[in-house]
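Reader: Got a minute? I'd like to walk through this fold with you.
Author: Sure. Let's put it up.

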Amino acid sequence: MTANRGLALFRFFFAALCLLALVVQYTSNALTIENYRSLNFFSFFTVESNILATATFAVAGWYAWQGTNSRWLELLRGAAVMYMTVTGITYSLLLSDIEVDTAIGWVNVVLHYTMPTVIVIDWLVDLPRTRITLKESLIWLAFPLAYLVYSLIRGPIADWYPYPFLDPRISGYGQVAVMSLVIAVLAFALAVIIALSTKLQNTVPHPATAPATGRRKVTSEKA
């Protein structure tokens, strides 16, 4: 695998941008909100998925810089794509008019719009070399499920829920169950789509191998 410094710098830039956005928003909340509970900030799916996206871009950037790859990184990238896409879609459809601890305008744009878009682009530009099976992709559903359980258990204890659609005090547990099912279906559909997209790895030129392929073609024609 050939090193791709351009792709690496792309990933490093957005990893740094996302990290900066998270740090700035958390610091602002901690300094301006009285008796601010830090755990609440880190209990938003948006924050957790963006932390994962930051780490994924940083690691994937290093691998691209070195010209190496690994199966676990491909699976991690797929998971990050799914979680960030869920974040972007859910925010756009359900939460865009609700305060979710991202009051700073540019931070909100980075976490809810920029990063979900960028991580999908990165995935399509650099598809995994080996297909990801549907069975493997279903592993990605474990985190959203664990997040739901965590939120519903912590909610009554902390008297706080991260999102209105997870708050049974508003519409009851029936509504929570319906919304959770809808998001679960969305997550499953995304897992299937992301897994199926890896079938394209033989039809879309890989950024690390496209130049080399071109050179082989010229040699063949001369022969």
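**Fold, core and one helix pair**

Author: Of the 223 residues in the protein chain, 43% count as buried. Keep in mind that this is a predicted model.

Reader: What secondary structure does the protein chain have, in helices and strands?
Author: Nine helices and zero strands. From the N terminus on, the order is α-α-α-α-α-α-α-α-α.

Reader: Of the contacts between residues at least 6 apart in sequence, how many join residues at least 24 apart?
Author: 78% of them.

Reader: Now the core. Which residues touch the most other members of the largest nonpolar core?
Author: M82, M115, W140 and Y163, out of 45 residues in that core. Elements giving two or more residues to this core are α1 (5-32), α3 (45-66), α4 (71-95), α5 (105-125), α7 (142-158) and α8 (168-197). α4 gives the most, with nine residues.

Reader: What does Y163 touch?
Author: Leaving out residues up to four places away in sequence, Y163 touches F44, F45, T46, L95, V100 and Y147.

Reader: New topic. How do the axes of α1 and α5 cross?
Author: They come within 10 Å and cross at roughly 155°. Angles over 145 degrees count as roughly antiparallel, so α1 is roughly antiparallel to α5. The crossing is left-handed.

Reader: Which residues meet there, between α1 and α5?
Author: On the α1 side, they include L7, F10, F14 and L17. On the α5 side, W106, V110 and M115 are among them.

Reader: And the surface? How much does the protein chain expose?
Author: About 11500 Å², with carbon and sulfur atoms supplying 70% of it.

Conventions:
Residues numbered from 1 in each chain as written. Predicted model: local features only at pLDDT ≥ 70, side-chain atom pairs only at ≥ 80, totals over all residues. Heavy atoms only, no water. Core = buried A, V, L, I, M, F, W, Y, C linked by side-chain atoms within 4.5 Å. Buried < 20%, exposed > 50% of the residue type's maximum accessible area, 1.4 Å probe, protein only. Helix = DSSP H or I, 4+ residues; strand = E, 2+ residues; numbered from the N terminus. Contact = heavy atoms within 4.5 Å. Areas by Shrake-Rupley, 256 points an atom, 1.4 Å probe, with all protein chains shown as cover. Axes fitted to C-alpha atoms, helices over the stretch in contact; angles between N-to-C directions. Parallel < 35°, antiparallel > 145°, perpendicular 65-115°, else oblique. Left-handed = near helix turned anticlockwise from the far one by under 90°.
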